[in-house]
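This report is an introduction for someone meeting the structure for the first time. Please look over the sequence and the structure shown here before reading on.

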Amino acid sequence: MARVVRVLLFAAVIALVSACASSAQGGASPAAPRPVWVDSPQAAYPTALYIAAVGHGADRTLAERDALARIVALFGQAVQSELHVMASYSQAITGGAIQVSEDVRVQQAITTSAQMDTLVGAEIASVWHDSGNNIYYAVAIMERERTSILYAGLIRSNERIISELVTMTPQTRNSLDGFARYRLAAAVADANRLYANVLTVVGNTRGINPAEMRRGDEYRIAAAQVVSAIPVGIIVTGDRGNRIQNALSSAVNAAGLISGGTNSRYVLRFSYTMTQQDIPGQRHQFVRFELVGGLENAGAGNTVLFSPPAMTGREGHLTVSEAEERALRTVERRIAGEFGPALIAYLDSLVFISR
């Protein structure tokens, strides 16, 4: 009897190995059937409960991105055109300037959605690969009830943040701190307008009236009023034809501040030098340049508030004058490309200090 059992077990193992070999050599498993949502997302995700859109692409990632983009399109031009406002709002959350929810996952969802140009709460529900045509399909959904709860909560949280930002003493208001607070309040208000538009499409605003919400431009006007009373003076020693000063002025204006004034509370004080360098064996003439300085609070004994890394480098040409011209052009470019963004980052950081 034991011998019979061993023979039967051996035969079963042989049959299993043969089946596996047959499958590996050419017997591919049949493709999954075409899901109903590929042709009709509403059939799988009823309109009364969901907002759904189907995307496709050559791979899974492309299909998912297409589906998320299509679900944004369902909300209309008002939402699509306002998605760009999420960048500043998301950066403030990532940097810790504001906390819109105690749930870390919600904050992460906001920053992720901003990076992907999609809406908070949109998710990929399913993916299907049409192996015959090698096309991937994905369906993105937003559950109406959950979306309305999430967005109403974010709007109310943002309104509290705005109130905290714009509530300040006159001394704080009339300073760069006040400017930074109003500018951040504008970014949060922009996000709220987007959220309110989404709530309107979802169909349940939960008592929130979008018409009563203040626009970000109102806070930007307040920020402009602040800086109009505190222009930033610019002093550059060693300048050539005010070129460094003009470049710094453009960077200041691009950051939202006003440059100029002889008795300004805030002053950009820089020193620019060019030194001729002799390099043996070179027929070109070289100069080494350096720009050092920073933003000072003249009203507080010239206290240095912001000091970016020194700009240094070397330029060469057939003549010293041409080498110096090249050096000046390089510094002008670097002021626009490096100092301007660094100044904006500093202004954003003021919110951390003042809150």
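Does Asn242 count as buried, partly exposed or exposed, and why? The answer is given below, after an outline of the chain, and the reader should keep in mind throughout that the model is predicted.

## The chain as a whole

The chain holds 13 helices and 8 strands, and of its 355 residues 40% are buried. Among the contacts between residues with a separation of 6 or more, 67% join residues that are 24 or more positions apart.

The area that the chain exposes comes to about 18800 Å², of which carbon and sulfur atoms supply 52%.

## Asn242 and the loop before α12

Asn242 has a relative accessibility of 43%, and because buried means under 20% and exposed means over 50%, Asn242 counts as partly exposed. This residue is placed in the loop between strand β4, which covers residues 232-237, and helix α12. Although Asn242 is not a glycine, its phi is positive, at about 60°.

## Helix α12 and what follows

Helix α12 runs over residues 243-254, and because each residue should add 1.5 Å, its 12 residues are expected to span 16 Å; the C-alpha atoms at its ends are 17 Å apart, which agrees with that expectation. The buried residues in α12 include Ile244, Ala247 and Leu248, and also Ser249, Ala251 and Val252.

Just after α12 comes Gly256, where phi is again positive, with a value of about 95°.

## Arg206 in another loop

A positive phi also occurs at Arg206, which is not a glycine and for which the angle is about 55°. Arg206 lies in the loop that falls between helix α10, residues 176-202, and helix α11, residues 216-228. Its relative accessibility is 30%, so Arg206 counts as partly exposed.

## How α8 and α10 cross

Helix α10, which precedes the loop holding Arg206, also forms a pair with helix α8, residues 144-166: the axes of α8 and α10 come within 9 Å and cross at roughly 160°. Since angles over 145 degrees count as roughly antiparallel, α8 and α10 are therefore described as roughly antiparallel to each other. The crossing that α8 and α10 make is left-handed.

Notes. Residues are numbered from 1 along each chain as its sequence is written. This is a predicted model: local features need pLDDT of at least 70, side-chain atom pairs count only at pLDDT 80 or more; totals for chains, interfaces and linings use all residues. Side-chain values use heavy atoms; hydrogens and water are left out. Helices (H or I, at least four residues) and strands (E, at least two) are DSSP runs, numbered from the N terminus. Buried means under 20% relative accessible area, exposed over 50%, partly exposed in between (1.4 Å probe, protein chains only). Contact means heavy atoms within 4.5 Å. Accessible areas come from the Shrake-Rupley method with a 1.4 Å probe; for residues, only the protein chains shown count as cover. The expected span of a helix is 1.5 Å times one less than its number of residues. Axes are lines fitted to C-alpha atoms, for helices over the stretch in contact, and angles run from 0 to 180 degrees between N-to-C directions. Angles under 35 degrees count as roughly parallel, over 145 as roughly antiparallel, 65 to 115 as roughly perpendicular and the rest as oblique. A crossing is left-handed if the near helix is turned anticlockwise from the far one by less than a right angle, and right-handed if clockwise.
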